[in-house]
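Q: Could you take a close look at one part of this structure for me? I would like to see how its main nonpolar core is put together, and then how the charged side chains elsewhere are placed.

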Amino acid sequence: MSDDTIRLVTIGRIIRRRWRLLTILAVVGALVGYGTSLLFPPRYTTSASVLLPGAWEERELLTQAEIATSSVVFDRAAATLGWTGVSGSELRDRVSAKAADGNIIKISGTADTPERAQHLSDQVARQFVTFAARLAGDDTDSEASAGPEALRKMVVQTSRRITELADAADPGQTVESVQGRTELEKLRIALQEAIKKLDEADPVTNKSNMVVMGPAARPAGEAPPTRMQLIVAGALLFFLLAVIGHLTAARMSRRLRTEPEIAAALGSALLGTVDVPGDRRAHRPEGSGPRARIRRLLGVDIRWDIPTPRASGDEAGRQIRYRRVCARLRDRLPAPRRLLVVVPEGDEIARRAAGQLVAESKGDPSPSSSSRGYPMLRVVEVSVDRPIVPDRDTESGALVVLSAGSWTAGELAGIAEACADAGHEVVGIVVAGTVRARPARTADRPPDEATPALAVRGHATGGSV
């Protein structure tokens, strides 16, 4: 697992074999999200839009957005609202402004109730328009703002008077009358150009008429993150952390999973691999007490990182593997002798495989002149924490049986050292793995490929029964 790529099938295996633990963690995460929502009261957000007439550049719109969130605007809005304990500096965290498409400044306000959020956005928008108009000089009480408008009116009146004088002039064809009409026309054109230049030189007047586009809408729901969002986020976060924790633990695991690694750790030769019919109890360690019951309740007593057992043949095929292991073990020994079958404590798969090996060794046919009998085997379970192997007595040698992916190199080295301390040579290693056994056929159901006996008999006798 440490060198494998994380695939969807791996995540699916985690969910399938750890669904109880993942469900409990998701519920805990949902409770944490609910508790977090209690610490933060619900908040509501709404926006008021201010239209800026005329042509505006992007940098000018950004400047107006900064003006909308200035301290002057907030102080005036706080004074107008009159909320207890709410000052202009506190409104800075509740109000934001941004430039939208179409020369619109959108002012958003957040409060603990929909009504207060609506009042806040409307009041800040009004104060922004008032302050921006004052900056632009758009004040009806100011004489300076009335000067350009009066000048425009005077120019219009002068242009009309010039037109009247031109019409009243001598319509004759004298040189003086023609020159007079020409000079009046030039003067009128010059005044019109002056009006045009005055408008171009004073664009602030056209841009200062900002308009609040109606009151802000009253929010119908809470602003994110809502209580439900926090609950769902907490459950999802705990679920993902649990899955990531499983993947991280599997990648950091030092358990040996291949036969060459196991053989190198024990310092002996691999005699073969045997199959054990898959069973939930094969991966469930034995134990009692509250801790073991809690582990069974959560489903963490079953290994999740073990691949799904592959399909197996029939019982005869599995027995052939055990017989071949016994034959290789017999060929490695110079003479028949008794051996210890060392099984790590808690390895249920290895314990069942060792029991089958003992049964096969007892069923050895009588040795002939050309072959020797199988060695006599006795199973002993050894703790991997403090391995102790029985001293050499009637048995001389040890056969280690274990399952792949269950033990580290240090634990297996400890078992090998314990065998050496007891005077036993590790003569071989057997790796056990789980398989999915085929369902046994019932006695009243013949195999599919078998031909009924009556049909065969009838065919042989010419069709008579």
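A: Here is a walk through the core, followed by the charged residues and a patch on the surface. Please keep in mind that this is a predicted model.

Let's start inside. The largest nonpolar core has 28 residues, and those with the most contacts within it are Val50, Ile107, Val124, Phe128 and Met210. Several elements feed this core: strand S1 (44-51), helix H3 (58-68), helix H4 (71-81), strand S3 (104-111) and helix H6 (114-135) each supply at least two of its residues. The biggest share comes from H6, which gives 7 residues.

Phe128 is a good residue to click on. Not counting residues up to four places away in sequence, Phe128 touches Val50, Ile107 and Met210, along with Gln64, Ile67, Ala68, Val73 and Ile105.

From the core, step over to Arg43, in the loop between H2 and S1. Arg43 counts as partly exposed because its relative accessible area is 36%. Leaving aside neighbours within four places in sequence, Arg43 is in contact with Arg94, Thr110, Ala111, Glu222 and Ala223. Arg43 also shows how the fold brings distant parts of the sequence together: Arg43 and Ala117 are 74 residues apart in sequence, yet their C-alpha atoms are 8.7 Å apart in space.

Now for the charged pairs. Side chains of opposite charge can pair when their charged atoms come close. The structure holds 9 salt bridges, and three of them are worth a visit here.

One joins Arg116 to Asp112, with the closest N and O atoms 3.3 Å apart. Arg116 is partly exposed, at 27% relative accessible area, and Asp112 is partly exposed too, at 42%.

Another links the side chains of Glu315 and Arg318, at 2.6 Å from N to O. Both residues lie in helix H13 (residues 315-332), where they sit 3 residues apart, about one turn of the helix. Glu315 is partly exposed, with a relative accessible area of 38%, whereas Arg318 is buried because its value is 8%.

The third pairs Asp331 with Arg330, at 3.7 Å from N to O. Here Asp331 is exposed, with a relative accessible area of 54%, while Arg330 is buried at 18%.

One more charged residue deserves a look: Glu360, in helix H14 (residues 348-362). Its relative accessibility is 11%, so Glu360 counts as buried. The side chain of Glu360 makes a polar contact of 3.5 Å with the side chain of Arg323. Once neighbours within four places in sequence are left aside, the residues in contact with Glu360 are Gln319, Tyr322, Arg323, Cys326 and Tyr374.

Finally, let's come out to the surface. Ile24, Val28 and Val32 make a nonpolar surface patch of about 210 Å². Ile24 belongs to helix H2 (residues 19-39), and its relative accessible area of 41% is why Ile24 counts as partly exposed.

If you want to retrace the route on your screen, begin at Phe128 and its contact with Val50, move to Arg43 in the loop between H2 and S1, then follow the salt bridge between Glu315 and Arg318 and the polar contact between Glu360 and Arg323, and end at the patch that includes Ile24.

Notes. Residues are numbered from 1 along each chain as its sequence is written. This is a predicted model: local features need pLDDT of at least 70, side-chain atom pairs count only at pLDDT 80 or more; totals for chains, interfaces and linings use all residues. Side-chain values use heavy atoms; hydrogens and water are left out. Patches are made of residues with over 30% relative accessible area and no salt bridge: like charges are joined within 9 Å, nonpolar side chains (Val, Leu, Ile, Met, Phe, Trp, Tyr) within 5 Å. Accessible areas come from the Shrake-Rupley method with a 1.4 Å probe; for residues, only the protein chains shown count as cover. A salt bridge is a side-chain nitrogen of Lys or Arg within 4 Å of a carboxyl oxygen of Asp or Glu. Helices (H or I, at least four residues) and strands (E, at least two) are DSSP runs, numbered from the N terminus. Buried means under 20% relative accessible area, exposed over 50%, partly exposed in between (1.4 Å probe, protein chains only). A nonpolar core is a set of buried Ala, Val, Leu, Ile, Met, Phe, Trp, Tyr and Cys residues joined through side-chain atoms within 4.5 Å. Contact means heavy atoms within 4.5 Å. A polar contact is a pair of N or O atoms within 3.5 Å; within protein, one must be able to donate a hydrogen and the other to accept it, and residues adjacent in sequence count only if both atoms are side-chain atoms.
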